[in-house]
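This report introduces a protein structure to a reader who has not met it before. It proceeds from one helix to the packing of others, and then to aromatic pairs and single residues.

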Amino acid sequence: ILAQVGVGCCCTSTAMAQKSADLKFSIEKHGIGEVHALRDLTVKITWPFGQTEERTKKAGETVAFAGLKDYIGPYKFETDQETVQITWTGNAWTELDVKSKVALAHPAQLPQDSQRKAQVQQVKSKISMMKLIPANRWGITGKQLMALADQVVQKFTGRDENPNVYEVVEKLIKPLCKESGVSYALLLNPKGIKCSTFVTHAWFESFLAFVDDIRDHYPDFETRVFWICFTANPQTWSPAELSDLLGPSALQSPFAIAIQQCDTFLIVRNRSKNLYSRLWCVAELVLVNAYGDCVVEVIGNMPPRAQERGGDIGLNATCSSPEDVEMLRATIEVTGLDANSLVAEAIRARPGTVLRSA
C-alpha cells in the first residue's frame, strides 16, 4: 500500500515513473478524468480533437475535464515550468511524459569553483527535503519535545494561557519553520531519525498536558522517537502543497507509512475534545488495525460522558478539508473494518490499556 503513484491512483504503470509539479491528474466519482492545478498558473491546453486554448487557474482549481468520445486521446498541457503530455483512455490517465523547462545554468557560464555549489542549490530549491527523507524518519525525540514545551511555557508566560496545539503551531512552530520550509522535526533533525512511536491525538487538547501525558507514560521518554503530525508534517505549506505531499489516498500518505513502520501506536486522549470527532484520528485507528504490526496503547482521559457511538464521532467525524473527508471515508471502506466498533473500544479503554500486542 506504500507505492507512490505518479499522478493519481487512476494512472497505469506507464505513468508512475514521472510526476508533474504543476498538475494533478485524477478520476472523480462518476468516472470523469480531472486535472487540477497544484499552484497558481496559466496553462495552454491542446485537446485530443485539435483545439487549443489557454486558461489561468489558482492552486486547487480544476484545469480541465476528460470524458468520453471526443475527449479520449492525447492531451498536452504547457505551463511556464513544464510541458506535460498524457493520454485519457476513457477510464484512466496513461503515458505521462513531463519535460521541465527549468534548466540549470550551463557550466561554462560559471566560475569553475562555483559550478557544483550552484547546481546543488538549484536542485535543492526545487526539491523539498520533505520529499527526499522517508516519512518514517520525520521523528522528534522526547527530549526535543520537552524542549519545545519549555519554549511554549516561555512564549505564553504571563498570559494566563494554556495553549492548545493549534495555538502552538500558529505562534511558535510556523514562525520557526517559515524560512526553511520543512517540518519542525526536520528542522531539528535535517537527516531525519527513525520513529518508534506513532502518536494519534486531537489538536484541541492542552499542549502541555499532551506532552506531560506522554512523558509520564514512558520511562525512556527522552530517547524515544515520536511521529507526531504537527511536528512531522510541514505546517507552513499551502493546502495544494500539502495535498501533493499526502498523496491521492490515505493508504499512500506519510501517516500510513509511519504507522506501518513504527513499533508502537499511542492513542493520547484528552478531556477537552473527543479525538474521534476528527476523521483523521478515526482513519489512523483503522489503518493501524488493518495494516500495522505494532503495539497499540491508550493513555489520557476522555471528556466527561464521552459518547462511544453516534453523534459526530467515528464514521460521522469530519475534518477541515471536504476533499479529505471523501478520501478518508473511502480509505476506511477499503479496509473492510468496522470503524465505529474500533472507536468505541478505544474510548472505553482505561488509561494505560494495551489494546493490541505486536
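## A covered helix

In helix α9, the residues Pro-254, Phe-255, Ala-256, Ile-257, Ala-258 and Ile-259 are buried. The model in which they are seen is a predicted one. Helix α9 spans residues 254-261 and is mostly covered, six of its eight residues being buried.

Several elements provide the surroundings of this helix. The buried residues of α9 pack against the strands β10 (197-200), β11 (225-228) and β12 (264-268), and also against the helices α7, α8 (239-246) and α10.

## The chain as a whole

The chain contains twelve helices and 14 strands. It has 358 residues, of which 48% count as buried. Among the contacts in the chain with a separation of 6 or more, 68% are made by residues 24 or more positions apart.

## Helices α10 and α11

Helix α10 covers residues 279-291 and helix α11 covers residues 322-335; their axes come within 10 Å and cross at roughly 25°. Because angles under 35 degrees count as roughly parallel, α10 is roughly parallel to α11. The crossing in which α10 passes α11 is left-handed.

On the side of α10, the contact involves Leu-279, Trp-280, Val-282, Ala-283, Val-286, Leu-287, Ala-290 and Tyr-291. These meet Asp-324, Val-325, Met-327, Leu-328, Arg-329, Thr-331, Ile-332, Val-334 and Thr-335 in α11. By character, the residues of this contact between α10 and α11 comprise 13 nonpolar, two polar and two charged.

## Helices α3 and α4

A second helix pair is formed by α3 (residues 142-155) and α4 (residues 165-177), which pack at an angle of about 115° with their axes 11 Å apart. The crossing of α3 and α4 is right-handed.

Helix α3 contributes Leu-148, Gln-151, Val-152 and Lys-155 to the contact, while α4 contributes Val-168, Lys-171, Leu-172, Ile-173 and Leu-176. Six nonpolar residues, one polar residue and two charged residues make up the contact of α3 with α4.

## Aromatic pairs

How many aromatic pairs does a search of the whole structure find? The search gives 18. In one of these pairs, the ring centres of Tyr-75 and Phe-77 lie 6.0 Å apart and the planes stand at 5°, so the pair is stacked. Tyr-75 is buried, with a relative accessible area of 2%, and Phe-77 is buried as well, at 0%.

Phe-207 and Phe-230 form an edge-to-face pair, with 5.9 Å from centre to centre and 65° between the planes. This pair links distant parts of the chain, since Phe-207 is in helix α6 (residues 207-217) and Phe-230 is in helix α7 (residues 229-232), 23 residues apart. Both Phe-207 and Phe-230 are buried. Elsewhere, ring pairs join Phe-25, Trp-47, Phe-49, Tyr-75, Phe-77, Trp-88 and Trp-93 into a cluster.

## The surroundings of Phe-230

Phe-230, found in helix α7, has a relative accessible area of 0% and is therefore buried. Neighbours within four places in sequence left aside, Phe-230 is in contact with Leu-148, Val-165, Val-169, Ile-173, His-201, Trp-203, Phe-207, Phe-210 and Gln-235. Two of these residues have already appeared in the contact of α3 with α4: Leu-148 belongs to α3 and Ile-173 to α4.

Val-168 also takes part in that helix contact, on the side of α4. Phe-230 and Val-168 are 62 residues apart along the chain, and their C-alpha atoms are separated by 9.5 Å.

## Cys-177 and Glu-95

Cys-177 lies in helix α4. Is Cys-177 buried or exposed? Its relative accessibility is 2%, so Cys-177 counts as buried. With neighbours within four places in sequence left aside, Cys-177 is in contact with Val-182, Ser-183, Tyr-184, Leu-187 and Thr-236. Of these contacts, Thr-236 is 59 residues from Cys-177 in sequence, and the C-alpha atoms of the two are 7.0 Å apart in space.

Glu-95 is notable for its backbone: although Glu-95 is not a glycine, it has a positive phi of about 55°. Glu-95 is found in strand β8, which covers residues 93-100.

Conventions:
Residues numbered from 1 in each chain as written. Predicted model: local features only at pLDDT ≥ 70, side-chain atom pairs only at ≥ 80, totals over all residues. Heavy atoms only, no water. Axes fitted to C-alpha atoms, helices over the stretch in contact; angles between N-to-C directions. Helix = DSSP H or I, 4+ residues; strand = E, 2+ residues; numbered from the N terminus. Parallel < 35°, antiparallel > 145°, perpendicular 65-115°, else oblique. Left-handed = near helix turned anticlockwise from the far one by under 90°. Contact = heavy atoms within 4.5 Å. Nonpolar A, V, L, I, M, F, W, Y, C, P; charged D, E, K, R; others polar. Phe/Tyr/Trp six-rings, centres within 6.5 Å; stacked < 30°, edge-to-face > 60°. Buried < 20%, exposed > 50% of the residue type's maximum accessible area, 1.4 Å probe, protein only.
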